[in-house]
Number of protein chains: 2
Amino acid sequence: MFKINENYLKLPGSYLFSTVGRKAREYKAAHPDKNVISLGIGDVTQPLAPAVIQAMHAAVDEMGQAATFRGYAPDLGYEFLRSEIANKDYKARGVEIALDEIFISDGAKSDCGNIGDIFSEDNRIAVCDPVYPVYVDTNAMSGRCGDYIKESERWSNVTYMPCVAENNFVPALPEEAADVIYLCYPNNPTGAAATKEQLQKWVDYALAHQSIIVFDAAYEAYIHEDNIPHSIYECEGAKKCAIEIRSFSKNAGFTGTRLGFTVIPKELTAGGVSLNSLWARRCGTKFNGAPYIIQRAGEAVYSEAGRAQTRAQIEYYMNNAKVIRESLTSAGYEVFGGVNAPYIWLRTPKGMTSWDFFDYLLANAQVVGTPGSGFGPSGEGYFRLTAFGSYENTVEALDRIKKMG
Amino acid sequence: MFKINENYLKLPGSYLFSTVGRKAREYKAAHPDKNVISLGIGDVTQPLAPAVIQAMHAAVDEMGQAATFRGYAPDLGYEFLRSEIANKDYKARGVEIALDEIFISDGAKSDCGNIGDIFSEDNRIAVCDPVYPVYVDTNAMSGRCGDYIKESERWSNVTYMPCVAENNFVPALPEEAADVIYLCYPNNPTGAAATKEQLQKWVDYALAHQSIIVFDAAYEAYIHEDNIPHSIYECEGAKKCAIEIRSFSKNAGFTGTRLGFTVIPKELTAGGVSLNSLWARRCGTKFNGAPYIIQRAGEAVYSEAGRAQTRAQIEYYMNNAKVIRESLTSAGYEVFGGVNAPYIWLRTPKGMTSWDFFDYLLANAQVVGTPGSGFGPSGEGYFRLTAFGSYENTVEALDRIKKMG
């Protein structure tokens with residue numbers, strides 16, 4: 001008799017964005033005259049860069065001609081893309097990454113979840129709190145999290161590392177040993193960045209405890225301060241303990257175009273086994289690569305024109321972030337993030353809960369954001385706004401918030 | 001201390017196509033004057049259809065304009081594509097599939113592997129022998145196959161169902177109960193098709209034993225005979241026991257473009273739990289959809305022009321299949337497949353092993369095929385040729401084989 005994976009039944013409902021959406025719809029239905037602005041969702045709005053569009057048109061034409069048609073891609077991804085990554089993302093920052101340490105994928109979300117395939121079930125994971133929910137949910141699906149405790153909103157076998165204003169949203173090293181540590185910097189949702197010194201402590205911890213760090217660097221392109229490392233491999237010894245996952249979603253607007261990559265250095269071993277070879281086997285068996293056309297689009301992001309154009313998109317969003325930060329600060333809010341990340345994390349005023357502030361903001365400014373508590377219990381009392389809206393909407397939303405008082 | 005998934009270490013090397021490639025390279029190096037023709041690999045060679053190319057250009061342009069730009073896709077895939085599938089793949093054949101029973105993916109290989117995520121480890125799988133290796137390898141990775149026995153080339157906890165000429169390459173029902181049964185018709189590698197009566201027996205077996213059938217219909221578009229079902233849902237009761245996986249790789253040449261889908265009817269439950277809802281949760285958590293541009297390409301396959309053009313590609317390949325079948329038959333070979341599938345499966349002459357015949361064919365006709373034993377022990381004494389080459393190469397290869405005697 002067939003049996004399902006019972007771990008799925010332990011998952012609590014994933015209601016954050018659906019509840020946000022429902023409340024916004026209900027408000028609009030009750031107030032058809034009001035113009036509601038969303039600064040809630042982490043999806044980009046700017047169109048793809050002209051260099052990317054041009055590259056995709058050229059690749060589409062190649063696929064229409066027998067002489068230039070491409071069938072199955074190489075398992076790791078096309079070398080034209082991997083060599084751009086190795087040179088411009090890593091070598092240019094003093095980090096040597098070999099071409100066969102880079103695995104092109106359909107995006108960081110897939111990789112963040114799928115990477116667990118090569119880990120034993122018998123590992124304890126540690127995550128930041130608040131956190132992007134994919135790390136925990138995918139581990140829960142494969143039985144690594146124990147049971148979900150509704151009262152504490154936590155899983156019994158997961159180590160949670162609170163990230164709050166008091167520790168600048170970079171957690172303390174865990175007291176109990178953690179086998180797999182998920183870190184995301186620049187951080188979603190808090191917008192915090194980790195300095196090289198802060199990250200080095202984590203690398204040292206992982207080396208000392210033979211732990212693995214899964215480092216989600218999806219927001220790397222938003223880094224603006226000099227003392228913030230762009231890759232965990234800028235830290236000493238990281239190649240022996242860290243996997244780095246990157247995305248084209250936020251640095252080039254590929255949320256609907258789907259491209260990312262994972263780096264697994266060959267020095268990274270466990271019990272003498274190379275994790276690079278395990279992941280290669282996983283990719284060769286359960287994946288058939290990102291589309292040729294999309295890999296060419298990714299290559300164009302690294303061209304001179306592509307870099308200038310995608311940089312301009314990032315600056316557009318970061319200008320929104322600046323508007324949000326400065327407006328909120330001048331209105332008396334305590335504000336975090338938004339300097340090296342497209343997320344602004346604010347402390348809710350007057351001791352309101354995150355959801356109370358959500359309702360208050362919607363009712364009084366017609367602005368939709370995301371309650372911090374939706375990302376984990378330590379997010380309670382915080383609230384997330386994103387810089388991914390249009391400039392006009394961002395300015396209008398912040399004017400309303402300032403007037404709201 | 002971090003621990004790897006030890007199941008990966010049990011996997012035998014996947015040497016079939018690498019050994020085929022190495023032997024072909026060595027032969028070419030030793031005989032630089034010879035023109036070696038490959039009819040070995042299951043990859044398409046015809047360029048994408050003009051209707052598909054046109055749709056992708058249009059979609060690329062949409063992505064370059066703010067007004068028409070698309071970010072994250074809906075979790076299940078765009079409705080414009082799912083409704084074409086529901087109407088033209090299913091409703092047109094008398095099968096009602098709801099839009100939320102269709103999940104768009106990046107290809108059938110990913111789905112064939114990932115579907116195991118929602119199955120308990122504690123299921124016994126049954127596969128055909130010979131078989132496409134992904135079903136077994138992905139189950140072995142998640143610990144469902146026991147240990148690999150080198151002598152028998154089989155896993156200790158897997159039920160193998162021999163498919164040989166004597167049973168027309170459609171296996172007998174297993175004597176021991178199987179929980180998850182992988183079936184692929186039209187079949188890779190044997191080229192066999194299953195009639196509705198044959199498939200109905202499997203559906204009846206699954207219903208009686210509360211088993212699940214994972215039905216891989218990647219080669220559905222190659223069906224040419226009337227009594228062959230295009231979907232397992234043409235069988236009575238299949239919605240209660242079968243998952244169907246389809247691909248655009250072989251019906252529209254998308255091997256390098258990546259698109260597929262999985263159908264999980266809402267009637268399919270286990271212990272009262274809907275598998276559709278489990279898979280929806282899996283897709284929403286570990287996947288972010290196929291690119292918008294590629295989903296538009298898929299939609300174009302269903303347009304009037306797209307259907308005519310992709311049908312012409314299939315007929316081109318099937319004409320190659322006819323050339324291979326008729327030439328081999330006239331040369332005295334015992335030949336199977338190639339009528340409802342792009343694969344021709346032949347019995348090796350004079351009792352040669354599959355690898356002996358590989359060497360013989362390469363040395364005497366400079367043609368590369370795939371040894372049947374590479375797909376499983378019951379493939380020993382068989383050999384696979386594919387119809388995916390050019391017409392000219394196919395004719396030339398078969399002329400040589402005929403002359404070889």
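Here are some worked exercises on a predicted model with chains A and B.

**Exercise 1. Work out which parts of chain A touch chain B, and which element gives the most.**

Start with the count: 69 residues of chain A are in contact with 69 residues of chain B. Next, look for the elements that give two or more residues to this side of chain A: they are α1 (7-10), α3 (50-63), α5 (108-114), α6 (134-141), α8 (275-286) and α9 (292-301). Of these, α3(A) gives the most, with 6 residues. Finally, sort the touching side of chain A by class, and you get 34 nonpolar, 22 polar and 13 charged residues.

**Exercise 2. Find the rotation that superposes chain A on chain B, and say how the two copies are related.**

Superpose chain A on chain B: the rotation is 180°, the shift along its axis is 0.0 Å, and the RMSD is 0.0 Å. The two copies are therefore related as by a two-fold rotation axis. Now go looking for the residue of chain A that comes closest to that axis; A:His57 wins, with its C-alpha at 3.0 Å. As a last step, compare the interface residues on both sides. 100% of those in chain A are also interface residues in chain B, so the copies meet through the same surface.

**Exercise 3. Decide how well covered α9(A) is, and list what its buried residues pack against.**

A residue counts as buried here if 20 or more other C-beta atoms lie within 10 Å of its own. By that test, 10 of the 10 residues of α9(A) are buried. Among them are A:Tyr292, A:Ile293 and A:Ile294, but also A:Arg296 and A:Glu299. Then check the neighbours: within chain A, the buried residues pack against α3, α4 (79-90), β2 (102-105) and α10 (304-330). Across in chain B, they pack against α9 (292-301).

**Exercise 4. Place strand β8(B) among its neighbours, and sort its residues by the way they point.**

Begin with burial: β8(B), residues 212-216, has 5 of its 5 residues buried. In a regular strand the side chains alternate between the two faces of the sheet. Sure enough, B:Ile212, B:Val214 and B:Asp216 point one way, with B:Ile213 and B:Phe215 pointing the other way.

Now for the partners. β7(B), residues 180-184, runs parallel to β8(B), and 5 bridges join the two; B:Val180 has B:Ile212 as its bridge partner. Helix α7(B), residues 196-209, completes a right-handed β-α-β unit with β7(B) and β8(B). β9(B), residues 242-247, is also parallel to β8(B), joined by 4 bridges, and here B:Asp216 is partnered by B:Ile245.

**Exercise 5. Trace the open antiparallel sheet of chain A, and say what packs on it.**

The order of its 4 strands is β13-β14-β17-β16. The edge strands are β13 (335-337) and β16 (370-371); each has a single partner strand, so one side of each is left without a neighbour in the sheet. Inside the order, 5 bridges join β14(A), residues 343-347, to β17(A), residues 382-386, and A:Tyr343 is the bridge partner of A:Thr386. α10(A) packs on the sheet, touching β13, β14 and β17, at about 15° to the direction of β14(A).

For chain B, the strand order is β13-β14-β17-β16, again with antiparallel pairing. There, 2 bridges join β16(B) to β17(B), with B:Pro371 standing opposite B:Phe383.

Methods. Residues are numbered from 1 along each chain as its sequence is written. Chains are lettered from A and ligands numbered from 1 in the order in which they are written. This is a predicted model: local features need pLDDT of at least 70, side-chain atom pairs count only at pLDDT 80 or more; totals for chains, interfaces and linings use all residues. Two residues are in contact if their C-beta atoms, placed from the backbone, lie within 7 Å. Ala, Val, Leu, Ile, Met, Phe, Trp, Tyr, Cys and Pro count as nonpolar, Asp, Glu, Lys and Arg as charged, and the others, Gly among them, as polar. A residue is buried if 20 or more other C-beta atoms lie within 10 Å of its own, exposed if 12 or fewer, and partly exposed in between; C-beta atoms are placed from the backbone. Copies are superposed by least squares on the C-alpha atoms of residues with pLDDT of at least 70 in both. Two strands pair if DSSP finds at least two bridges between them. A crossover is right-handed if, with the strands pointing away from the viewer, the path from the first strand over the helix to the second runs clockwise. Axes are lines fitted to C-alpha atoms, for helices over the stretch in contact, and angles run from 0 to 180 degrees between N-to-C directions.
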